[in-house]
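Open the model in your viewer and keep the selection panel at hand. This tour goes stop by stop.

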Amino acid sequence: MNKRNFELLGAFSILYLEDEADLLKHTTSVLEDFVKKIYPVQTIDEALQIIKTEKIDVIISDIHLKYSNGLDFLRVVKNDLDIEIPSIVTTAFTDTEYLLDAIKLKVDNYIIKPVNIKELLNNLHDVLLPKIQQKEIERSYNIIKTISAVTDSKQVDIIRFIVKNLDSDNILNYSYSEIMEQVDVSKPTVIKLFKQLGDQGILLKIQNKKYLFNENKLPIPERI
Amino acid sequence: MKIFDLINQKLETIKFSNKTKLLIFIILSGTMTIGFLMFVSIFALKYDYETLFQKHTQPQVELEEIKDIYRVNITETLHDIKDEQITSSDAIEVIFLAQQITAKQWENYKKSVNTDIGGLPYFASKWLNLFLVSPALPEKNIFQQGIVEKINTKMRSIDTQTNALLEILKENKKQQMTPIIDNIMLEANSLNIYLSSLITIHLKQSITEKGINDRLFRTSTYMLILLIGLIFFFISLVLFTIINHFKNLHNYLEENVLSKTQELRFLNNSLESRIKKEVENSRKKDNIMFQQARLASLGEMLQNIAHQWRQPLGSLMMIIQSFESKFMAGKLDAPFITSRVADAQLLSQNMSDTLEDFRTFFNPNKSKKTFLIKEVIQKAIDLSKYQLEKEEINLSLFMKEDLEVFGFKNELIHVLLNLIGNSKDILSTKSEMGEKMIRIIAKQDSQTIFINVIDNGGGIKSDIIPKVFDPYFTTKHKSVGTGIGLYMSKQMVEKHMHGRITCKNIRHKLGSANFYACTMFTIEIPKNYINTNEGEDNEQTQF
């Protein structure tokens, strides 16, 4: 449980479609500790109602429902309603027929019953990770923008240039004059920044016009 | 007897049809021979009779007349002339007449003696004479001819003397007359004597002829008797062999029949034992078959158990995991534990019940009792629920009032499972079909309970409807169908419930707008059949 950070799940709402009341009840009671909100439903009609009215981040659906099929529900959601929601299906069968249908519907994951709760949480995490990362990036970007607003914006521009122009080995192949041309800053500012970074071991000069950017030396920011 | 045996042996070798032909030939030829011989004899006798009459009787008459004429007419007239009691003209006339008559008679005599009898009788006589054993009679013709010659000459001399006398008479020379008359009378007397002797000769010949005649008759009689005897003998001989033939045939047939009967009896005995063996074999086969069927349905049931367990098992696992997750979240408190334990107990109780259901189904208690139809149908539906859901088949039960039945509960479940299973099998092949439906309708009249199982799988082909209850009859692939499900169902319904199970194609709406081609199986169970358990237990153990 420690590999992935399940606390991240707490920001998401889940639609859970399962026709069997007992399983629905118990799984819901477990999941509700981890997620922001869980909508347990037993039929496709209820599920459609929820999806239209609530903001849902991920769908968990049983394939084999009484007189209907969870994949049919997903088809309606993805094709007819044109809503892009990550989905996980659960089923007692390992039938390839279902599997093929599921792949076609771009189902994100597939869990064989009986459900292992850790596996389910892992899957949820994996499925939601892009969303989480997207949020993270947005947040970081906002931080940088905020920092640049309150500090020397020239220095921020140079740092942005450096990070942007690193090659695959984290090497920067530019001379001061070249940087000055590209970023439009004065030479003393560049020299001052390079010295600062060099002192902290973040940007080491290997030879002329060759600097190594060492990520590990970056100070770890506090989580927001 | 040796010859007889020889002939018999020869005859034995002849074919039966030839024997009858021989018999007919003998009879015909014998009859013809006898007839021929009889005709010949009759004609021969006729010839003899004719000869006797013409050559001996008639001549005698002629001779007697000649003799009379000579004695009466000529001699008497001569006496009258001598005594002169008659006129000379009358005398001449009388004598002349007498001369003419005698001449004529004599001619007749000679003619009749010398003429032979011709025609058929002659040939018959000649032919028959060939067979006569006795020597022919000696001819006395020479003596006879001698006398005839003498009579001839005497008559001629009398004629000449009479003529001379007549001449004298015309001239009336009485003195010359007397010696001539005396002479003529003398001659006439001697002629008479000759005639008499000739008559005697003829008489004697008649007697000898009679003798010959007798012998002829005897001979032909003997010959006929001999012939008849001979024919009789041959006929008897052939008949005897024919009868023998029949006897042999009869014996042969009797022997044949006897041996065939023995063979048949033997065959019959062996057949009886073979039938016994075969019956035992088929019994064994049936038992094996029932075992197979049981195993097959056991397999199906096992799938059902697996499914019915899977769901509560999933829930149970979830409950167990929820303890961990709640503990880690720090939310594991007394009310949560209490509620989860209660849930888990309920779930495991359900699982245990399911298991018990199947266990009792496969270990049936072997006694009949009263049970409710609805319960039974519901159980059958529950047991096949998983299969029906898998094939997305909609099963509905229609029942106005609950009905009671007396019998083996598990058997009725088994039968219903079979019917539902069959419907499911056919419906599962119709994947393109809209709604797959099975409908069970239970109803009753005053005497019978009816349970109809209807599916809209399109019906059964009419040519196989009569065969669906036959053992080992299946339309499914060999690996799927054993062909004994319906056979077993029929056995159970008929033998243990004393009811009937039938099947037909119908068209039914099944509650929807369209008509479907449906198959309907009907189980009829008589209500008032109160049966004891005696004698049924053995049959029951087979299933």
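Which residue in β7(B) does C503(B) stand opposite? Select the pair: C503(B) stands opposite F521(B). Helices (H or I, at least four residues) and strands (E, at least two) are DSSP runs, numbered from the N terminus.

Before moving on, note that this is a predicted model, where local features need pLDDT of at least 70, side-chain atom pairs count only at pLDDT 80 or more, and totals for chains, interfaces and linings use all residues. Residues are numbered from 1 along each chain as its sequence is written, while chains are lettered from A and ligands numbered from 1 in the order in which they are written.

**Stop 1: the sheet in chain B**

Select β6(B) and β7(B). They pair in the antiparallel sense, over nine bridges. Two strands pair if DSSP finds at least two bridges between them. Now add the remaining strands. The open sheet has five strands, ordered β2-β4-β5-β7-β6 in chain B, with mixed pairing. At its edges are β2(B) and β6(B) (500-508), each paired on one side only. Neighbouring strands are turned by 20° against each other on average, direction ignored.

**Stop 2: helices on the sheet**

Show α8(B). This helix lies across β2, β4 and β5 of chain B and runs at about 175° to β2(B). Next, α10(B): this one packs on the sheet and touches β6 and β7 of chain B, its direction making about 120° with that of β6(B). Touching here rests on contact: C-beta atoms, placed from the backbone, lie within 7 Å. Axes are lines fitted to C-alpha atoms, for helices over the stretch in contact, and angles run from 0 to 180 degrees between N-to-C directions.

**Stop 3: helix against helix**

Two packed helices are described by the angle between their axes and the distance between the axes. Start with α8(B) and α9(B). Their axes come within 9 Å and cross at roughly 35°. The crossing is right-handed; that is, the near helix is turned clockwise from the far one by less than a right angle, and anticlockwise would be left-handed. To see the contact, select residues including I377(B), A380(B) and L383(B) in α8(B), with L412(B), L416(B) and I420(B) among those in α9(B). The contact residues divide into ten nonpolar, three polar and three charged. Here Ala, Val, Leu, Ile, Met, Phe, Trp, Tyr, Cys and Pro count as nonpolar, Asp, Glu, Lys and Arg as charged, and the others, Gly among them, as polar.

Switch to α9(B) and α10(B). Their axes come within 10 Å, crossing at roughly 145°. This crossing is left-handed. Among the contact residues are H414(B), V415(B) and N418(B) of α9(B), and L486(B), S489(B) and M492(B) of α10(B). The split is four nonpolar, six polar and one charged.

**Stop 4: the cores**

Which residues have the most contacts inside the largest nonpolar core? Select I377(B), A380(B), V415(B), L416(B), I420(B), I438(B) and V453(B), in a core of 41 residues. A nonpolar core is a set of buried Ala, Val, Leu, Ile, Met, Phe, Trp, Tyr and Cys residues joined through C-beta atoms within 7 Å. Buried means that 20 or more other C-beta atoms lie within 10 Å of the residue's own; exposed means 12 or fewer, partly exposed is in between, and C-beta atoms are placed from the backbone. α9(B) gives the most to this core, with eight residues.

Centre on I438(B). Beyond its neighbours within four places in sequence, its contacts include I393(B), L395(B), I420(B) and V453(B). Another core lies apart, with 38 residues, among them F34(A), I56(A), I117(A) and M318(B).

**Stop 5: where the chains meet**

Show both chains. Here 19 residues of chain B are in contact with 16 residues of chain A. On the chain B side, α6(B) (174-328) and α7(B) (334-362) each give two or more residues. The largest share, 13 residues, comes from α6(B).

**Stop 6: backbone details**

Most residues other than glycine have a negative phi, and most peptide bonds are trans. Select K113(A) and P114(A): the peptide bond between them is cis, with omega near -5°. P114(A) sits in the loop between β7(A) (109-112) and α5(A) (117-150).

Finish at E392(B), in the loop between α8 and β2 of chain B. Its phi is near 55°, a positive value in a residue other than glycine. Is E392(B) buried or partly exposed? E392(B) counts as partly exposed because it has 15 C-beta neighbours inside 10 Å.

Definitions and conventions
Two residues are in contact if their C-beta atoms, placed from the backbone, lie within 7 Å.
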